[in-house]
Amino acid sequence: MGELRVEQLSKAFPTAQKWGRSKWHTIFNNLQFSIKSGEFVCVIGPSGCGKSTLLSIAAGLEEASSGSVYVNDSPVRGPGLDRGVVFQEFALFPWLTVRGNIAFGLKSKGVPQAEVLARADKYVDLVGLSKFADYYPSRLSGGMRQRVGLGRALAIEPSVLLMDEPFGALDALTRENMQLVLSDIWQETRKTVLFITHDIDEAVFLSDRVLVLNETPSRIVCELKIDLPRARDRSDPQFQRLVKQLDSAIRGDNNTTKHFGDN
Amino acid sequence: MKSEKTLTGQLLSNPVPVDSSTVLLSAGSLRHFGEFMVPIAVLLALWELVARFGGLPPSLFPPLEDIFRALLKMSGDGHLAADLAGTFTRLFQSIAIGAVFGTIVGTCMGHFRMWERALVVPMNFLLAIPGTALFPLTMIWFGLTEAAIISILIYEVALTVTVMTWTGVKSIDNSLIRAGRVFGANGLSMLWRVLIPAAMPSIISGYRIAFSRAWRILIIAEMLVSVSAGLGYRLYFAREYFQYDMVYAGLFVVGMSGLLIERVILRTMESMTVNRWGTVRELK
């Protein structure tokens, strides 16, 4: 199990260069929050608010301008097998089968060859693809591809699961289906999850807690605990109320902002 | 398994199992065979017509029968086998060395900025020098020997494969590289676990171009350098002795050999990799 802590995290990009001097665009400033072990936290926000950048930094794929992300109290310095990442664009290796993709991280981990197969198969099974273990990704539908993505991230048995709008590229029906799959798997494995999305409905459906990023530079304008029992019912008035609350926080036209505000 | 029940609701885009057996000759069915035999038959018929009734001297434009007879004679006295062996040995030796070198250097150039910065200028300089233009140089160095030929072939193959691999690796989707890094590929393992397979369509295109360039240069080189056996040598030798039917037979063998290389080696390589993975589009 693992805990993730974001401390005083800032990120700025150089933008247009003029006379050799680059201007800086601050994405977010002094971001601060933590995710408890076994907690499922969604970060939502409008496009461009830096939520994917936040995840890239946590994954070690990008560097922060200042501040750090800690996983189990050790600071993130580059990518590592203590974090499993699920990408929006799936990013499966097309030259490997479903099983091969899921085994990829295990091989990097130095798991002995005989054990790699058994463990890969366990996760092929967990994401419901046992019949398709020998298929190449090009033969799979979008939903199935992302199951592979999920299996690949889970197979390395990471402390933290980082998911970057994983269902954003799927159609509405498949997306709901995948949310169910993830919800089931999460209840089974109880991973610590940082989940990025722009879909409020998805955030309320999946998470224990939702953080809303907004304004420029971004900050956490709203933090909401979701206490509804799982599996959640979208037509439940409670569910609807939470969705509405988050919706107005994202649009930035509310007074809940101050009520739930932090920083 | 809880998630199993949701799978049944999912639509499969293409529920075909992938373990299609490896095809050596991609033209498997009879219809395909006909499709590429018809043009050949037409061509042969035309040839025969011109040779018989075109009024040209048969030594310049021999009928198929004479060419075929020359072919039989060449294979009967063992020359053909020796020529093929000589040419193919030279070809494969240089391809093997050049392709390995080019794939590795090209991949590094496509991935590490240092390599790219250091090598782009020399590479473009060398690209302007055709392999054939190096003959005077290699002849001085190695004399009229095998080495004079093979060194030029290696040069040409390595350069071609490097360029194609370099551009191929540079155009790899960044998300694959990010995924590779996240799941523990770094340094050398990034090279062989992610970059090379991801760039495989370009790399194979590189091999294809390299093969055809090497082949062309090799045939010419065998005419220039007095090796004892080789298809190019045979062509030159036949002309010297006014055996025109043998010139034609030799050209036929050269063409057929090139075709076989493409069909057997390159196509097999493709059907075992990029076609099987679905990373190149297959035409319907």
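Me: Under the rule here, buried means under 20% relative accessible area, exposed means over 50%, and partly exposed is what falls in between (1.4 Å probe, protein chains only). Why is Arg145(A) called partly exposed?

Reply: Its relative accessible area is 26%, which lies between the two cut-offs, so Arg145(A) counts as partly exposed. Before we go on, this is a predicted model, where local features need pLDDT of at least 70, side-chain atom pairs count only at pLDDT 80 or more, and totals for chains, interfaces and linings use all residues. Residues are numbered from 1 along each chain as its sequence is written, chains are lettered from A and ligands numbered from 1 in the order in which they are written, and side-chain values use heavy atoms, with hydrogens and water left out.

Me: Happy with that. What makes Pro137(A) a polar-contact partner of Arg145(A)?

Reply: A polar contact is a pair of N or O atoms within 3.5 Å; within protein, one must be able to donate a hydrogen and the other to accept it, and residues adjacent in sequence count only if both atoms are side-chain atoms. The backbone oxygen of Pro137(A) is 3.2 Å from a polar atom of the Arg145(A) side chain, so the distance falls within that limit. Arg145(A) sits in helix α4 of chain A; helices (H or I, at least four residues) and strands (E, at least two) are DSSP runs, numbered from the N terminus.

Me: Which residues does Arg145(A) touch beyond four places in sequence?

Reply: With contact meaning heavy atoms within 4.5 Å, they are Phe90(A), Leu92(A), Pro137(A), Ser138(A) and Leu140(A). Leu92(A) is 53 residues from Arg145(A) in sequence, yet their C-alpha atoms are 7.5 Å apart.

Me: Now the loops. Why is Ser159(A) called buried?

Reply: Its relative accessibility of 16% is below the 20% limit, so Ser159(A) is buried. Ser159(A) belongs to the loop between α4 (142-155) and β7 of chain A. Its contacts farther than four places away in sequence include Met1(A), Gly2(A) and Asn72(A).

Me: And Asn72(A), what puts it in its accessibility class?

Reply: A relative accessible area of 38% makes Asn72(A) partly exposed. Asn72(A) lies in the loop between β4 (66-71) and β5 (74-75) of chain A, and besides Ser159(A) it touches Met1(A), Gly2(A) and Glu3(A), leaving out residues up to four places away in sequence.

Me: How do you know that chain A has two domains to compare?

Reply: Domain bounds come from an automatic or database domain assignment, which gives domain 1 (4-16 + 23-82 + 160-260) and domain 2 (94-157) of chain A. Their C-alpha centres lie 26 Å apart, and 15 residues of domain 1 of chain A are in contact with 14 residues of domain 2 of chain A.

Me: How much area is buried between domain 1 and domain 2 of chain A, and what supplies it?

Reply: About 1,200 Å², with carbon and sulfur atoms giving 79%; buried area is the accessible area (1.4 Å probe) that two parts lose on being put together, summed over both. On the domain 1 side of chain A, Leu81(A), Met178(A) and Ile185(A) supply 45% of the area buried against domain 2, more than any other three residues.

Me: How many salt bridges cross the interface of domain 1 and domain 2 of chain A?

Reply: Zero, where a salt bridge is a side-chain nitrogen of Lys or Arg within 4 Å of a carboxyl oxygen of Asp or Glu. One residue pair across the interface of these domains of chain A is in polar contact, both at pLDDT 80 or more.
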